[in-house]
Amino acid sequence: MNPKIKRTLLYILLPVAYVAIGYVLIFYCGGDLVKMVKDQIGLAMEKGAPDYPNGFDESLYKKAVENGNVEQWSEVPLPAINTSYAVLLSEKLGIEANVYYGDTDESFSNGVGQYTGSGMFGCGRPILIGGHDTSYFAGLEDAKAGDTFTVKTNYGEFSYEVTKTKIAKATDSSAFDLEKTEEQLILYTCYPFGKVTKEREERFFVYAKRTDNGPVIKEVSDNE
Amino acid sequence: MSKKPSDINGHNSKHKNKKNHGRKKLIRNIISVIYSFLLTVCLSIILLAVALRFGFFDKGMTLNKINESDYYNSVYAELMDNLDTIVDSKGVNKSVLTDVITDKRVYINGKQFIENSLNNEDTKVEVDNIDKELLAAMETYYKEHNIKIDSNIKADMDATISAINSEYIRMIRFQFVDYIRQYKNDIYSVFKWLLPLVSVIGVILIILLILVHKYPHRGVRFIGLSFVSSGLLCMLMPLYLLVEKTYQNISTGPKYYIQFLQEYVQWSLSSFVYTGALAIMISVILFVVMQMMKNRIR
């Protein structure tokens with residue numbers, strides 16, 4: 001073959017061969033890596049949207065458990081109103097409820113609702129959560145000191161132990177203190193239990209202290 | 001005339017030398033092909049780093065694309081819609097938001113969050129006394145309407161302010177930028193050791209390619225081919241994605257966010273194409289140099 005033709009073929013065939021081998025290595029041998037990159041880009045696009053509600057995501061929860069609870073307020077994915085952003089569990093009391101941010105009728109229909117004036121899990125403040133005794137908080141009736149609760153969120157897992165229970169009027173503002181600088185899970189439901197036809201003016205409160213060793217996330221205002 | 005025995009031996013040894021020479025040349029070419037492929041891999045990694053730096057991870061470009069998508073005004077509009085819903089549900093009048101949550105405030109806080117995130121700095125959202133201003137606005141409203149602030153109304157005010165604060169921070173935090181920051185940190189932590197390594201290996205391969213050949217211009221040819229190949233590896237797939245406009249299939253989130261993503265991805269893919277083109281330009285220069293070296297031998 002003419003050396004010039006040979007050289008010309010070399011200039012074409014060699015780059016084509018290198019590129020082909022390169023793409024084979026990337027897409028076939030590195031297929032898992034390519035898939036992971038694609039998934040991460042998709043995740044960033046979906047969850048990075050400004051209006052993303054930050055609902056509870058099992059994969060994010062598992063990642064948080066693996067890496068440890070977040071420590072900074074800036075890492076806490078804030079939920080939109082009426083978004084289910086956590087799961088409240090108590091095996092002993094038979095409670096497994098989605099926790100909605102906001103104590104609206106919609107929240108109570110689909111799970112339990114967190115009062116927005118209270119703190120977030122793990123942030124060293126009281127957290128006030130209400131639910132119907134005829135559905136998700138039916139098991140609260142049997143709660144007593146020593147019972148435990150677990151809360152799963154996208155930014156960590158939190159554990160609580162019941163310290164006491166109390167019956168108080170629904171309008172009794174002394175039943176809880178949301179200005180406390182100590183984390184306390186306060187669950188409440190209607191009392192007496194199960195009486196759906198009567199207007200119930202009392203509430204059954206369950207108070208629980210935090211028992212896991214995770215960090216306290218500071219809800220730092222920039223004026224502090 | 002028949003050949004003398006000495007002539008025959010001379011002819012045979014010439015033939016043997018030619019065969020040996022041919023075999024050596026083949027081995028040199030095979031070694032060169034291997035070295036050239038390895039150099040292609042090294043150059044591809046370097047080009048990838050360059051393309052990412054000026055594409056996906058370019059701070060200036062990201063900020064430009066955010067501005068071009070009218071991001072801050074759109075977030076402000078959406079935020080006000082959400083806050084109106086919150087205050088309505090709490091039975092509070094919308095007018096309390098008027099002078100507290102403004103487009104200027106959203107712009108300042110939003111821009112600060114994005115810039116801090118891209119600079120790898122603390123991304124706290126500056127809430128600038130929003131809660132105090134809201135409380136004052138609500139107290140004024142109730143006073144003006146002769147509504148006594150009892151414990152129930154106080155509790156509603158606290159809940160409303162807390163919900164507004166939370167929603168404000170949620171909308172200000174542009175999480176996509178935070179994800180990009182995380183990925184950038186992860187990838188740069190690998191490039192920190194990988195780039196020097198492949199650079200050293202690349203330089204060694206270049207030296208070996210020149211030394212392995214009797215005439216250096218042959219080594220330069222293989223180096224040029226490596227640059228062409230790495231350039232093509234870098235640009236072909238992104239070029240295909242650009243031509244097919246696959247980035248226009250993004251449909252997640254509000255309209256202004258989709259617009260931002262499409263422009264961001266389009267620019268980032270373009271950076272790969274430009275980087276690949278740069279590598280090909282370098283290869284053209286190398287081929288010219290190679291030809292000059294070859295002409296000098298003649």
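**Exercise 1. Find which residue of S8(A) is the bridge partner of Leu187(A), and place strand S7(A) among its neighbours.**

Step 1. In this predicted model, Leu187(A) has Val206(A) as its bridge partner in S8(A).

Step 2. That pair belongs to a wider pattern, since S7(A) and S8(A) run antiparallel and are joined by eight bridges.

Step 3. Turning to strand S4 of chain A, which covers residues 126-130, we find that it runs parallel to S7(A) and is joined to it by five bridges. Among the facing residues, Ile127(A) stands opposite Leu185(A), and Gly130(A) stands opposite Tyr188(A).

Step 4. It remains to ask how S7(A) sits in its surroundings. Eight of the eight residues of S7(A) are buried, so the strand is largely enclosed by the rest of the structure.

**Exercise 2. Determine where Pro192(A) lies and what form the peptide bond before it takes.**

Step 1. Pro192(A) is located in the loop of chain A between strand S7, residues 184-191, and strand S8, residues 202-210.

Step 2. The peptide bond that leads from Tyr191(A) to Pro192(A) is cis, and its omega is near 0°.

**Exercise 3. Describe how S1(A) pairs with S2(A) and with S5(A), and then give the order of the strands in the barrel.**

Step 1. Strand S1 of chain A, residues 84-90, pairs with strand S2 of chain A, residues 95-101, in the antiparallel sense, and the pairing extends over six bridges. Within it, Leu88(A) has Ala97(A) of S2(A) as its bridge partner.

Step 2. S1(A) and S2(A) form a hairpin with four residues between them, and in the turn Gly94(A) has a positive phi of about 70°.

Step 3. S1(A) is also joined by four bridges to strand S5 of chain A, residues 148-153, and these two strands run antiparallel. Here Leu89(A) stands opposite Thr150(A) in S5(A).

Step 4. The pairings can now be placed in the whole sheet, which is a closed barrel of eight strands in chain A, running S1-S2-S3-S4-S7-S8-S6-S5 with mixed pairing. Neighbouring strands of this sheet are turned by 30° against each other on average, direction ignored.

**Exercise 4. Decide whether Asn54(A) and Lys245(B) are buried or exposed, and describe the phi angle and the setting of each.**

Step 1. Asn54(A) has a positive phi of about 60° although it is not a glycine, and it is found in the loop of chain A between helix H2 (31-47) and helix H3 (58-67).

Step 2. To count as buried, a residue needs 20 or more other C-beta atoms within 10 Å of its own. Asn54(A) counts as buried because it has 21 C-beta neighbours inside 10 Å.

Step 3. Lys245(B) is likewise a residue other than glycine with a positive phi, here near 55°, and it is found in the loop of chain B between helix H8 (216-244) and helix H9 (255-297).

Step 4. The cut-off for an exposed residue is 12 or fewer such atoms. Lys245(B) is exposed because it has 10 other C-beta atoms within 10 Å.

**Exercise 5. Describe the side of chain A that touches chain B, and give the predictor's scores for the complex.**

Step 1. The contact between the chains involves 29 residues of chain A and 42 residues of chain B.

Step 2. On the side of chain A that touches chain B, the elements that give two or more residues are helix H1 (3-29) and H2 of chain A, and the largest share, six residues, comes from H1(A).

Step 3. Sorted by class, this side of chain A has 15 nonpolar, 10 polar and four charged residues.

Step 4. The predictor gives the complex an ipTM of 0.84 and a pTM of 0.84. For chain B the mean pLDDT is 89, and 95% of its residues reach 70 or more.

**Exercise 6. State how each chain is divided into domains, and describe how the domains of chain B touch.**

Step 1. Chain A is assigned domain 1 (3-47) and domain 2 (58-210), and the centres of these two domains, taken over C-alpha atoms, are separated by 51 Å.

Step 2. Chain B is divided into domain 1 (5-59 + 185-297) and domain 2 (65-176), whose centres, again taken over C-alpha atoms, are separated by 52 Å.

Step 3. The contact within chain B takes nine residues from domain 1 and 10 residues from domain 2. H9(B) gives the most to the domain 1 side, with six residues, and the residues of that side divide into five nonpolar, two polar and two charged.

Technical notes: Residues numbered from 1 in each chain as written. Chains lettered and ligands numbered in written order. Predicted model: local features only at pLDDT ≥ 70, side-chain atom pairs only at ≥ 80, totals over all residues. pLDDT = per-residue confidence, 0-100. Pairing = 2+ DSSP bridges. Axes fitted to C-alpha atoms, helices over the stretch in contact; angles between N-to-C directions. Contact = placed C-beta atoms within 7 Å. Nonpolar A, V, L, I, M, F, W, Y, C, P; charged D, E, K, R; others polar. Domains from an automatic or database assignment.
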